[in-house]
Amino acid sequence: MAKRHNSHLPLSEALNEFIKENKLQKGMDKVDAREAWSRLMGNGVNNYTIAVELKNETLFVSLSSSVLREELSLGKSKIIAMINEELGKELVKKLVLR
């Protein structure tokens with residue numbers, strides 16, 4: 001159990017401390033990557049996106065359109081750079097489109 005602090009702490013710091021103490025950062029990274037994909041790709045791509053999952057620095061994206069999958073595969077490195085920039089850290093090293 002976490003130690004109780006008597007000093008006042010901003011909510012953001014308290015949440016970050018809670019995430020760190022309970023080793024929840026990997027789960028938070030998965031959620032952040034999924035949200036970054038939906039924000040960056042927009043409605044056109046999101047309509048064809050079935051699932052987005054982050055596993056060991058690899059972002060797996062399932063798409064229902066083979067044409068869109070082929071089109072996005074041409075810009076994988078740019079998509080990875082955009083997602084990492086959105087997240088503020090080098091979280092995604094590889095992108096797999098299914």
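In the predicted model, Ser-62 has a relative accessibility of 18% and therefore counts as buried, the limit for that class being under 20%. Ser-62 belongs to strand 2, which covers residues 58-63. When neighbours within four places in sequence are set aside, the contacts of Ser-62 are with Tyr-48, Thr-49, Ile-50, Ala-51 and Arg-98.

The protein chain as a whole contains 4 helices and 3 strands, and the order of these elements, read from the N terminus, is α-α-β-β-α-α-β. The radius of gyration of the protein chain is 17 Å, whereas the globule rule gives 13 Å for 98 residues, and the chain is therefore more spread out than a compact globule. The C-alpha trace, taken along its principal axes, spans about 60 × 25 × 20 Å. Of the 98 residues in the protein chain, 28% are buried, and the surface that the chain exposes amounts to about 7300 Å², of which carbon and sulfur atoms supply 53%. Among contacts with a separation of 6 or more, 51% are accounted for by residues 24 or more positions apart. As for charge, the protein chain carries 16 positive and 13 negative side chains, with the centres of the two sets lying 6 Å apart.

The largest nonpolar core comprises 20 residues, and those that touch the most other members are Trp-37, Leu-59, Val-61, Leu-72, Ile-83 and Leu-95. Two or more residues are given to this core by each of helix 2 (25-46), strand 1 (49-55), strand 2, helix 3 (66-73), helix 4 (76-87) and strand 3 (94-97). Among these elements, helix 2 gives the most, with 5 residues. The surroundings of Trp-37 illustrate the packing in further detail: leaving aside neighbours within four places in sequence, Trp-37 is in contact with Val-45, Asn-46, Thr-49, Val-52, Leu-59, Val-61, Leu-72, Ile-79, Ile-83, Leu-95 and Leu-97.

Two further positions, one in helix 2 and one in strand 1, were examined for their contacts with residues distant in sequence. Leu-40, which lies in helix 2, has a relative accessible area of 26% and is thus classed as partly exposed, a class that lies between the 20% and 50% limits. Beyond residues up to four places away in sequence, Leu-40 touches Met-82, Ile-83 and Glu-86. For the pair formed by Leu-40 and Met-82, a sequence separation of 42 residues corresponds to a C-alpha to C-alpha distance of 7.7 Å. Leu-54, found in strand 1, has a relative accessibility of 8% and so counts as buried. With neighbours within four places in sequence left aside, the contacts of Leu-54 comprise Asp-29, Lys-30, Ala-33, Leu-59, Leu-91 and Val-92. The C-alpha atoms of Leu-54 and Val-92, which are 38 residues apart along the chain, are separated by 8.0 Å.

Val-67, whose place is in helix 3, has a relative accessible area of 63% and is accordingly classed as exposed, the limit for that class being over 50%. The C-alpha atoms of Val-67 and Val-96 are separated by 15 Å, with these positions 29 residues apart in terms of their distance along the chain.

The backbone of the loop between strand 1 and strand 2, in which Asn-56 lies, was also considered. Most residues other than glycine have a negative phi. Asn-56, however, has a phi near 45 degrees, a positive value in a residue other than glycine, and at 70% relative accessibility Asn-56 counts as exposed. Glu-57 is placed in the loop between strand 1 and strand 2 as well. The phi of Glu-57 is near 65 degrees, again a positive value in a residue other than glycine, while the relative accessible area of Glu-57 is 42%, so that this residue is partly exposed.

How values were computed
Residues numbered from 1 in each chain as written. Predicted model: local features only at pLDDT ≥ 70, side-chain atom pairs only at ≥ 80, totals over all residues. Heavy atoms only, no water. Rg over C-alpha atoms; globule rule 2.2 N^0.38 Å. Buried < 20%, exposed > 50% of the residue type's maximum accessible area, 1.4 Å probe, protein only. Contact = heavy atoms within 4.5 Å. Areas by Shrake-Rupley, 256 points an atom, 1.4 Å probe, with all protein chains shown as cover. Lys, Arg positive; Asp, Glu negative; His and termini not counted. Charge placed at Lys NZ, Arg CZ, Asp CG, Glu CD. Core = buried A, V, L, I, M, F, W, Y, C linked by side-chain atoms within 4.5 Å.
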